[in-house]
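Dear colleague,

Please find below the structure I promised to pass on, together with its sequence. My notes on what was found in it follow underneath, and I would be glad if you read them with the structure open beside you.

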Amino acid sequence: MAGFLGLDELFEGRHFDREIIILCVRWYLRFKLSFRDLVEMMAERGLAMAHTTIMRWVHRYAPEFERRWNRFARPVGPSWRVDETYVKISGKWVYLYRAVDRDGNTVDFRLSTRRDVGAAKAFFRKAIKSQGSAPGTVTLDGYAASHRAVREMKADGQIPGDTKVRSSKYLNNLIEQDHRGVKLRIAPMLGFKWFRTAAITISGIELLRRIHKGQFNLGRLRLKDRSTPAIWNAVLAA
């Protein structure tokens, strides 16, 4: 496919085999492991590497892996549950906008230094672009800026005028519970130093959670009963 390097080119010049790189990035994003945990685990396989090497792999390859997996993404449902949570970067709290559909499938996320109308609009624009369509129903918490953002986007035609907007703490329990999976993975990282690398790492965490939720249609790749490494190789090479 145009725009994607072959796997040999993608990993060209790396000191370690691509299977090791993919494994380290995948395990770091999916499980509660530190870079140093992975260094120790790889050492047991006879592979000596620095923790900063794995860190660079995550920052380099997480966005590329997301792009390649997204070719197989299933569309989410039209009912979105939207909420914000908090992430610490350089000792300061920033805002993580997230949404899931009524079945708990991840819609999208966006990291923001602000929690206001502009930030909410930016999240909705990103989510609508990634999904290819606007929601039919949006469930929000009571925060006024998010409601205003939807009203103004409806007035501007960015969201259909008949989109239903509601505020329900009970219904939004779904997204609040879903935050926990991301926060539990972030917690052992002890905070991020840079906004850009935080956004990259979180995008990788979200990708691995979407894979775990079964949000990708890999039927055409004929991967039934294949191992996880084989599935990853097939998706990245497709």
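**Pockets, cores and a buried arginine**

The largest pocket encloses about 500 Å³ of space, and please bear in mind throughout that this is a predicted model. Its lining is made up of 18 residues, and those lying nearest the centre of the pocket are Y28, F35, M55, M189 and G191. Two or more lining residues come from each of the helices α3 (35–43), α4 and α8, with α4 providing the largest share, 3 residues. By character, the lining of this largest pocket divides into 9 nonpolar, 6 polar and 3 charged residues.

The second largest pocket has a volume of about 380 Å³, and 18 residues line it, of which N70, V107, D108, S130 and R210 are the closest to its centre. Here the elements that contribute two or more residues are α4, the strand β3 (106–112), α5 (117–131) and α8. The lining of the second largest pocket consists of 5 nonpolar, 6 polar and 7 charged residues.

Turning to the interior, the largest nonpolar core has 50 residues, among which M49, W57, F65 and V87 touch the most other members. Helix α2 gives the most to this core, with 9 residues. Apart from it there is another core, of 20 residues, which includes V117, A119, F124 and L140. As for V87, if its neighbours within four places in sequence are left aside, this residue is in contact with K92, W93, V94, L96, L111, I186, F192 and I202.

One residue that you may like to look at separately is R68, which sits in helix α4 (residues 51–70). Is the arginine R68 buried or exposed? With a relative accessible area of 1%, R68 falls under the 20% cut-off and therefore counts as buried. Its side chain reaches the backbone oxygen of L5 at 2.8 Å, and, again leaving aside neighbours within four places in sequence, R68 is in contact with F4, L5, L7, L10, V235 and L236.

Of these contacts, V235 and L236 also appear among the buried residues of helix α9 (residues 228–237), which are A230, W232, V235 and L236. The elements that cover the buried residues of α9 include α1 (7–10), α2 (18–30), α4 and α8 (195–213).

With best wishes

Key
Residues numbered from 1 in each chain as written. Predicted model: local features only at pLDDT ≥ 70, side-chain atom pairs only at ≥ 80, totals over all residues. Heavy atoms only, no water. Helix = DSSP H or I, 4+ residues; strand = E, 2+ residues; numbered from the N terminus. Buried < 20%, exposed > 50% of the residue type's maximum accessible area, 1.4 Å probe, protein only. Polar contact = N/O pair within 3.5 Å; in protein donor to acceptor, adjacent residues only side chain to side chain. Contact = heavy atoms within 4.5 Å. Core = buried A, V, L, I, M, F, W, Y, C linked by side-chain atoms within 4.5 Å. 1 Å grid on protein atoms, 1.4 Å probe; cavity = no way out; pocket = protein on both sides within 12 Å on 5 of 7 lines; lining within 4 Å. Points joined across faces, edges and corners; volume = space filled by probe spheres on them. Nonpolar A, V, L, I, M, F, W, Y, C, P; charged D, E, K, R; others polar.
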